[in-house]
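Trainee: I have a new model open, and I would like a close look at just one part of it. Could you help me get my bearings before we zoom in?

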Amino acid sequence: MEGETAAVPSNWDFTRTIKTVQIETRPEDPYSVNIWIIDNGPVLYIHAGANQAEWVMHLESDRRIRVRIEGKIYDMVSSPIGEQEEFAMFADLYEAKYERRPRNEDVSEVYLFRLEANNSGEK
């Protein structure tokens, strides 16, 4: 992905009107896709539903991810979500933004990732 590298903001609420962004996984051989994104203050979420997409497999072996929003690139790390309570909160935010609920709301059957700043310089 091309764009200006930017510092990760402390609040992502500006993304509430942005429907689609780009993510890039697998830094050694970059893989990019367009995806919907949900914010909850300092955290972003990306969701693959029950589909173990290629980008999901990449994040399972390497947490690093780059997100491009309006021409700016943010270096982040991902964490899989396994708590039903956090998924329920995500699902409410998803519905508010996209006017539909996720198809499957059983967190044990879906791929949901929390994205946060890569402050540790993780590689």
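Trainee: Read along the sequence, what pattern does the chain follow? Once I have that, please take me closely through the loop between E1 and E2, and show me how it sits beside the rest.

Mentor: Happy to! Keep in mind from the start that this is a predicted model. Going along the sequence, you meet the pattern β-β-β-β-β-α-β-β-α-β. Counted up, that gives two helices and eight strands. The chain has a radius of gyration of 14 Å, close to the 14 Å that the globule rule gives for 123 residues, so it is as compact as a globular protein of that length. Its C-alpha trace spans about 35 × 30 × 25 Å along the principal axes. Of the 123 residues, 42% are buried. Among contacts with a separation of 6 or more, 66% join residues 24 or more positions apart. Your loop gives us some examples of such partners.

Now to the loop itself. Strand E1 covers residues 4-5, and strand E2 covers 20-25. Let's stop at three residues in the loop between them: Ser10, Asn11 and Lys19.

Begin with Ser10. Its relative accessible area is 64%; the cut-off for exposed is over 50%, so Ser10 counts as exposed. Exposed does not leave Ser10 without partners: setting aside neighbours within four places in sequence, Ser10 is in contact with Gly41 and Pro42. Pro42 makes a nice example of how the fold brings sequence positions together. Ser10 and Pro42 are 32 residues apart in sequence, yet their C-alpha atoms are 5.0 Å apart in space.

Move along to Asn11. With a relative accessible area of 34%, Asn11 is partly exposed. Leaving out residues up to four places away, Asn11 touches Gly41 and Pro42, the two residues that Ser10 also contacts. You can also compare the position of Asn11 with a residue much further along the chain. Between the C-alpha atoms of Asn11 and Ala117, which are 106 residues apart along the chain, the separation is 11 Å. Ala117 belongs to strand E8, which covers 111-117.

Next comes Lys19. Lys19 has a relative accessible area of 43%, so it is partly exposed. Apart from residues up to four places away in sequence, Lys19 touches Ile35, Trp36, Ile37, Lys97 and Tyr98. You can place some of these partners on the chain: strand E3 covers 31-36, and helix H2 covers 84-98. As one more landmark, the C-alpha atoms of Lys19 and His47 are separated by 13 Å, with their positions 28 residues apart along the chain.

That landmark leads us to the largest pocket, since His47 is one of the residues closest to its centre, together with Ala48, Gly49, Tyr94 and Arg103. The pocket holds about 360 Å³ of space, and 19 residues line it. E3, E5 and H2 each supply at least two residues of that lining. E5 gives the most, with five residues. By type, the lining divides into 12 nonpolar, four polar and three charged residues.

To round off the surroundings, find helix H1, residues 54-61, where Trp55, Val56, His58 and Leu59 are buried. Seen down the axis of H1, its buried residues fall within an arc of 160°, so they line one face of the helix. What covers them includes strands E2, E3, E5, E6, E7 and E8. Notice E2 in that list: your loop comes just before it, between E1 and E2.

Finally, compare your loop with two others. In the loop between E6 and E7 sits Glu70, whose phi is near 50°, a positive value in a residue other than glycine. In the loop between H2 and E8 you find Glu99, with a positive phi of about 60° although it is not a glycine. Both are worth a look because most residues other than glycine have a negative phi. Glu70 counts as exposed at 65% relative accessibility, and Glu99 counts as exposed at 73%.

Key. Residues numbered from 1 in each chain as written. Predicted model: local features only at pLDDT ≥ 70, side-chain atom pairs only at ≥ 80, totals over all residues. Heavy atoms only, no water. Buried < 20%, exposed > 50% of the residue type's maximum accessible area, 1.4 Å probe, protein only. Helix = DSSP H or I, 4+ residues; strand = E, 2+ residues; numbered from the N terminus. Arc of directions from axis to C-beta. Contact = heavy atoms within 4.5 Å. 1 Å grid on protein atoms, 1.4 Å probe; cavity = no way out; pocket = protein on both sides within 12 Å on 5 of 7 lines; lining within 4 Å. Points joined across faces, edges and corners; volume = space filled by probe spheres on them. Nonpolar A, V, L, I, M, F, W, Y, C, P; charged D, E, K, R; others polar. Rg over C-alpha atoms; globule rule 2.2 N^0.38 Å.
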